[in-house]
Amino acid sequence: TEIKRIRAALPQGTARVRKLIQRHHPAAIIANSLALTIVARAAQPRGRVPVINVAHGWPADRYWKVGPFMRVADVVVAVSPDVRDKLVAAGTDADRVKVVFNGVDCTDLARREGAVRAAARRDMGAHPDGPLVIAVGRLESQKAHQNIISMAARLATAHPSLRFAVVGCGSRQAELEALAEASGVADRVRFMGLRRDVANLLGAADIYLNCSDWEGMPLTTIEAMASGLPIVATRTEGAAQLLNEACGAVVPVGDVEALADAVAQLAGDPERRQRMGQVARTRALADFSHERMTRELIDIVAQACDQQGQ
């Protein structure tokens, strides 16, 4: 289906990109999707301007479709070793793929205190005496938010003051809200919608949860780490590079029981949450900053331009 959409849009997209190249004379083109990579290559058949594709990951069954098409890029930048390995296994030339870990702007990410913290926690429905778990992401099937509702129901008796806040919007919002109501946890799981104060929300929460079925290297997990939160995450692509036992708990994809157990352990141990959050923040600032990512991407672009004689 995606390839059919690309083919249908190729003539118009190619013409637009060709005009942009003629007008701006770029040294390189960085494309964050396969479709844009194909368009950028079609716009200049002789390959005068190198095309760098940044591969953010796909569901496991999509790699075999994507891998062969990556030959149209001069360089493929995978955001984690897992993404690189899956692309190579699917037919992408190994010499063509580089790994650059995702990074985020950590400037405004930190613990929140005082009135800002109190207001954010009220907004997220936190219980006055209980821990607050936050998840940030699009309300789409990839993110598996139904597992949060299952966890809330599973933990309701043992941890009556535990609350969950889900930040983001998407096609599943009405479905998930109805599921929470039917499961009897609508008062325990608050859907926040699209927000512009995510830094405050992260900084006021106690635990970050990523229960996705697949990722590349999740940016929101890095943001949560930089905000000083301990992490509970599924073992998706990039998790092994982001997290270790000192700052997070990583469990099998789709294992609701393991997710709930990990959250429950942190919910009952505020001192451990604080220790792990401090380690997570130090790790994010040191290894997953936007500045580090940018420097590495610039080096790759420069090498690609040198090879093309730019």
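A search of the whole structure, which is a predicted model, finds eleven salt bridges. The tour begins with several of these pairs, then moves to the sheet, an aromatic pair and two individual residues.

**Stop 1: Glu237 and Lys86**

Select Glu237 and Lys86 and display their side chains. The two side chains meet in a salt bridge, with N to O at 2.6 Å. Glu237 belongs to the loop between β9 (231-234) and α10 (239-242), whereas Lys86 belongs to helix α4, so the pair ties together parts that are 151 residues apart in sequence. The partners may also be viewed with the surface switched on. Glu237 has a relative accessible area of 6% and is therefore buried, since buried means under 20%. Lys86, by contrast, is partly exposed, with a relative accessible area of 31%.

**Stop 2: Glu215 and Lys143**

Next, select Glu215 and Lys143. Their side chains also meet in a salt bridge, at 2.8 Å from N to O. Both ends are in loops: Glu215 lies between β8 (207-210) and α9 (219-226), and Lys143 lies between β5 (132-136) and α6 (146-155), so this pair ties together parts that are 72 residues apart in sequence. Glu215 is buried at a relative accessible area of 6%, and Lys143 is buried at 14%.

**Stop 3: Along helix α13**

Select Arg292 and Glu296. These residues form a salt bridge in which the closest N and O atoms are 3.5 Å apart. Both are in helix α13, and because they are four residues apart they are separated by about one helical turn. Which of the two partners is buried, Glu296 or Arg292? Arg292 is buried, with a relative accessible area of 9%, while Glu296 counts as partly exposed at 31% relative accessibility. To see a set of linked pairs, select Arg117, Arg121 and Asp206, which are joined into one network by salt bridges that share partners.

**Stop 4: The sheet and the helices across it**

Change to a cartoon view and colour strands β1 to β4. They make an open sheet of four strands in the order β1-β2-β3-β4, with parallel pairing. The edges are occupied by β1 (29-31) and β4; each has a single partner strand, so one side of each is left without a neighbour in the sheet. From one strand to the next, the twist averages 25°.

Now focus on β1 and β2 (residues 51-55). The two run parallel and are joined by three bridges. A useful pair to label here is Ala31 and Asn53, as Ala31 stands opposite Asn53 in β2.

Add the helices that lie across these strands. Helix α2 (residues 34-42) lies across β1 and β2, and runs at about 175° to β2. Helix α13 (residues 290-308), already visited for its salt bridge, lies across β1, β2, β3 (75-78) and β4, and runs at about 170° to β3.

**Stop 5: An aromatic pair**

The whole structure holds two aromatic pairs. One of them is formed by Trp58 and Tyr63, which are edge-to-face, with 5.5 Å from centre to centre and 85° between the planes. Trp58 is buried, with a relative accessible area of 11%; Tyr63 is also buried, at 3% relative accessibility.

**Stop 6: Asn102**

Select Asn102, in the loop between β4 (97-99) and α5 (114-123). This residue is buried, with a relative accessible area of 5%. What lies 2.7 Å from a polar atom of the side chain of Asn102? The answer is the backbone oxygen of Met217. Displaying the surroundings, and leaving aside neighbours within four places in sequence, shows Asn102 in contact with residues including His56, Val79, Leu219, Phe288 and Arg292. Arg292 is the residue paired with Glu296 at the third stop.

**Stop 7: Arg84**

Finish at Arg84, which is found in helix α4 (residues 81-89), the helix that also carries Lys86. Arg84 counts as partly exposed, at 25% relative accessibility. Beyond its neighbours within four places in sequence, Arg84 is in contact with Ala78, Ala94, Val97 and Val99. Of these, Ala94 deserves a distance label: its backbone oxygen lies 3.4 Å from a polar atom of the Arg84 side chain. For a final distance, mark the C-alpha atoms of Arg84 and Leu155, which are 37 Å apart in space and 71 residues apart in sequence.

Key: Residues numbered from 1 in each chain as written. Predicted model: local features only at pLDDT ≥ 70, side-chain atom pairs only at ≥ 80, totals over all residues. Heavy atoms only, no water. Buried < 20%, exposed > 50% of the residue type's maximum accessible area, 1.4 Å probe, protein only. Contact = heavy atoms within 4.5 Å. Polar contact = N/O pair within 3.5 Å; in protein donor to acceptor, adjacent residues only side chain to side chain. Phe/Tyr/Trp six-rings, centres within 6.5 Å; stacked < 30°, edge-to-face > 60°. Pairing = 2+ DSSP bridges. Axes fitted to C-alpha atoms, helices over the stretch in contact; angles between N-to-C directions. Salt bridge = Lys/Arg side-chain N within 4 Å of Asp/Glu carboxyl O.
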